[in-house]
Amino acid sequence: MTSSPDLRALIADVVREVVADLAGPAARAAAPPAPPAAPAPPAGVAGTEHVTPPALRERVEAVRIADDADLDRFARQLLALFENPKNRQDLKSGRLRFRLEGGTTSAVPEARPVQRIDTGAVTERQVKAAAEAGRRLVLGRRAVLTPLAREKARALGVPIEKER
């Protein structure tokens with residue numbers, strides 16, 4: 001099985017492929033992400049009576065993907081959503097987003113070997129070494145993760161667990 005970040009990456013790839021196939025050859029070129037929606041003008045300004053604030057138009061749906069059947073079901077759900085022009089626009093603009101059900105915890109145990117750090121500051125260098133060795137980091141109660149190390153772990157895909 002795969003970890004939660006791997007599932008997210010897999011889902012993102014599937015979504016990109018499905019959207020590109022349905023939108024045609026022009027959409028296959030790598031396009032920058034949609035810019036954030038402009039804030040709504042203040043109340044009382046002419047012509048704003050029917051404007052819906054961007055926050056009200058956004059929606060996030062929880063998705064449970066534990067196996068190949070769930071992934072297939074989700075891909076088919078996306079295809080059905082894409083048939084509706086409003087849903088298609090919401091998907092393209094990012095107003096309709098998905099999150100894995102259960103937050104960031106994975107139902108599948110991580111298969112990588114563990115590198116424990118019980119005390120002290122965890123640095124970028126330690127994260128890079130763990131990535132090169134194909135390990136995940138488990139931090140003890142007295143270990144502290146520096147902000148730069150956290151960013152490096154995200155960039156390199158190194159899972160980090162903090163003991164409670």
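Phenylalanine 74 counts as buried, because its relative accessibility is 4% and the cut-off for buried is under 20%. This is a predicted model, and phenylalanine 74 is a handy place to start exploring it. Its partner in an aromatic pair, phenylalanine 98, counts as partly exposed at 25% relative accessibility. From here we can look at the pair, then at helix 3, and then at some charged side chains.

**The aromatic pair**

- How many aromatic pairs does the structure hold? There is one.
- Phenylalanine 74 and phenylalanine 98 form this pair in an edge-to-face arrangement, with 5.0 Å from centre to centre and 85° between the planes.
- The pair links distant parts of the chain: phenylalanine 74 belongs to helix 3, while phenylalanine 98 belongs to strand 2 (residues 96-100), and the two are 24 residues apart.

**Helix 3 and its two sides**

- Does the length of helix 3 fit what we would expect, and what are the numbers to compare? With 16 residues at 1.5 Å a residue, helix 3 should span 22 Å, and its end C-alpha atoms are 23 Å apart, so the two agree.
- Which residues of helix 3 are buried? They are Asp70, Leu71, Phe74, Ala75, Leu78, Leu81 and Phe82.
- These buried residues cover an arc of only 140° around the axis, which means that they sit on the same side of helix 3.
- Turn to the other side of helix 3 and you find Arg73, Arg76 and Glu83, which are exposed.
- At the N-terminal end, aspartate 67 caps helix 3, with a side-chain oxygen 3.3 Å from the backbone nitrogen of alanine 69.

**Alanine 75, a residue to look up**

- Alanine 75 is found in helix 3 (residues 68-83).
- Is alanine 75 buried or exposed? Alanine 75 is buried, since its relative accessible area is 16%.
- The C-alpha atom of alanine 75 is 7.4 Å from that of valine 15, although the two residues are 60 apart along the chain.

**Charged side chains**

- Side chains of opposite charge can pair when their charged atoms come close.
- A search of the whole structure finds nine salt bridges, and the next points visit some of them.
- In helix 3, the side chains of arginine 73 and aspartate 70 meet in a salt bridge of 2.5 Å from N to O.
- Arginine 73 and aspartate 70 are three residues apart, about one turn of the helix.
- Arginine 73 is exposed, with a relative accessible area of 52%, whereas aspartate 70 counts as buried at 7%.
- Another salt bridge joins arginine 95 and aspartate 90, at 3.0 Å from N to O.
- Here arginine 95 counts as partly exposed at 23% relative accessibility, and aspartate 90 is buried with a relative accessible area of 3%.
- Arginine 136 and glutamate 161 also form a salt bridge, with their closest N and O atoms 2.4 Å apart.
- Arginine 136 is in strand 4 (residues 136-145) and glutamate 161 is in strand 5 (residues 160-162), so this pair ties together parts that are 25 residues apart in sequence.
- Arginine 136 counts as buried at 14% relative accessibility, while glutamate 161 is partly exposed, with a relative accessible area of 36%.
- Which residues are joined into one network by salt bridges that share partners? They are Arg64, Asp70 and Arg73.

**A charge over a ring**

- The charged end of arginine 88 sits over the ring of phenylalanine 82, at 5.4 Å from the ring's centre.

Terms used. Residues are numbered from 1 along each chain as its sequence is written. This is a predicted model: local features need pLDDT of at least 70, side-chain atom pairs count only at pLDDT 80 or more; totals for chains, interfaces and linings use all residues. Side-chain values use heavy atoms; hydrogens and water are left out. Helices (H or I, at least four residues) and strands (E, at least two) are DSSP runs, numbered from the N terminus. Buried means under 20% relative accessible area, exposed over 50%, partly exposed in between (1.4 Å probe, protein chains only). The expected span of a helix is 1.5 Å times one less than its number of residues. The arc is that of the directions from the helix axis to the C-beta atoms. A polar contact is a pair of N or O atoms within 3.5 Å; within protein, one must be able to donate a hydrogen and the other to accept it, and residues adjacent in sequence count only if both atoms are side-chain atoms. Rings of Phe, Tyr and Trp (its six-membered ring) pair if their centres lie within 6.5 Å; planes under 30 degrees apart count as stacked, over 60 as edge-to-face and the rest as tilted. A charge sits over a ring if NZ of Lys or CZ of Arg is within 6 Å of the ring centre and within 35 degrees of the ring normal. A salt bridge is a side-chain nitrogen of Lys or Arg within 4 Å of a carboxyl oxygen of Asp or Glu.
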